[in-house]
Amino acid sequence: MRHFLSTEDWSRDDLQAMIERARAFRDSPQGEALKGKSVALMFFNPSLRTRSSFDIGVHQLGGHAVMLDAQGQTWPLEFEEGAVMDAGPEEHVKEAARVLSRYVDLIAIRCFPKFQDWTAEREDPLITAYAKYATVPVINMETIVHPCQELAMMMALQDRIGDVRGKDFLLTWVPHPKPLNTAVANSALLIASKFGMNVRLLIPDDVYRLDERYMGAAKRFCAAAGTSLTVTTDPQEGYAGADAVYGKSWGALPFYGGWEAEAPYRAKGAGFMIDEAKMALTKDGVVSHCLPMRRNVKIADAVVDGPDFLGIEEAENRLHVQKAIMERLITEAGS
Ligand code: CP
């Protein structure tokens, strides 16, 4: 039984097939893949897009969504193997995953890292445990990667610029008052490199390099495609001739759990907002963001409100690609 935890586990052909199916769903939204079936949507963190698009997607496929607010309305969960549960969590994921699997046909989970200890959190312990103990497929709705967002982004890019192979993709760190999850940045690296783009990472300082697991994967994908992965701290170099720009902010991993010391490095990126002057350096590039997005901090109004901004299409695509993912998993599981 396959899960949808990371695009690393799926071939490019599989992912492209899901995008094509998503395009078919865009033209003809109704389906029957989930007729008589139920999907648990478990949220440990807030959401606008993921929550609504999964709920509506399940409905359009004929199924029933069970919305589980895991921050207060379900039991706090333990996921350590062999834990002595004499404090804190009331329930172990071993029971929760197996019980939910008796009720529903798919389990989708959003669980951001706790920003305490990257060494532990980079193992993605909660969703990994769910995938281990559930007897139905598990979908990642954003943990330390955001694979549904990846497909939505790639679908939007292909719709706008055609075949992306050999095109130049810039992933730029953008300012934000707080350190954020690296999930979307990790995912942007993975999908752009897997789909054959030249990938540039623009960061204010080397401390903003992403985890080696994702840098290494992107390097391998680029090597296989004959493209390049480059890292720069120079915005001129980063934007020059780019076909697509993706903005995201994240916290520097060396300061994980001790963010005060990150402040001077974050200040180095004060001028990294995506604006018209930077976009003028691109090759008539398009620009996107996963949303939510702080206007005039991450991306300037003139860019967001301009014709090259793909963020709304990308958000719409979440609905279509997630239906394709659910249909694929349920079909493969044969339930
Ligand atoms: N992009 C995204 O996942 O949006 P939400 O956090 O609103 O779900």
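A polar contact, as I shall use the term, is a pair of N or O atoms within 3.5 Å; within protein, one must be able to donate a hydrogen and the other to accept it. By that criterion, in this predicted model, 23 residue pairs, both at pLDDT 80 or more, are in polar contact across the interface of domain 1 and domain 2.

Let me place that interface in the chain. The domain assignment gives domain 1 as 7-145 + 316-333 and domain 2 as 149-314. Their C-alpha centres are 25 Å apart, and the contact draws 32 residues from domain 1 and 38 residues from domain 2.

Interface size is often expressed as the accessible area lost when the parts come together. Here, about 2,900 Å² is buried between domain 1 and domain 2, with 53% of that area given by carbon and sulfur atoms. On the domain 1 side, Arg12, Phe115 and Trp118 supply 25% of the area buried against domain 2, more than any other three residues.

I turn next to charged pairs. Four salt bridges are found across the interface of domain 1 and domain 2. Three elements give two or more residues to the side of domain 1 that touches domain 2: α1 (12-27), α4 (118-121) and α13 (311-333). Of that side, α1 contributes the largest share, eight residues.

Finally, the cysteines. The whole structure contains zero disulfides. For cysteine 111, the nearest cysteine sulfur belongs to cysteine 148, 15 Å away. For cysteine 290, the nearest is likewise that of cysteine 148, at 13 Å. Cysteine 111 is buried, because its relative accessibility of 13% falls under the 20% limit. Cysteine 290 is buried too, at 7%.

Note on methods. Residues numbered from 1 in each chain as written. Predicted model: local features only at pLDDT ≥ 70, side-chain atom pairs only at ≥ 80, totals over all residues. Heavy atoms only, no water. Disulfide = S-S within 2.5 Å. Buried < 20%, exposed > 50% of the residue type's maximum accessible area, 1.4 Å probe, protein only. Domains from an automatic or database assignment. Contact = heavy atoms within 4.5 Å. Buried area = accessible area lost by both parts, 1.4 Å probe. Salt bridge = Lys/Arg side-chain N within 4 Å of Asp/Glu carboxyl O. Polar contact = N/O pair within 3.5 Å; in protein donor to acceptor, adjacent residues only side chain to side chain. Helix = DSSP H or I, 4+ residues; strand = E, 2+ residues; numbered from the N terminus.
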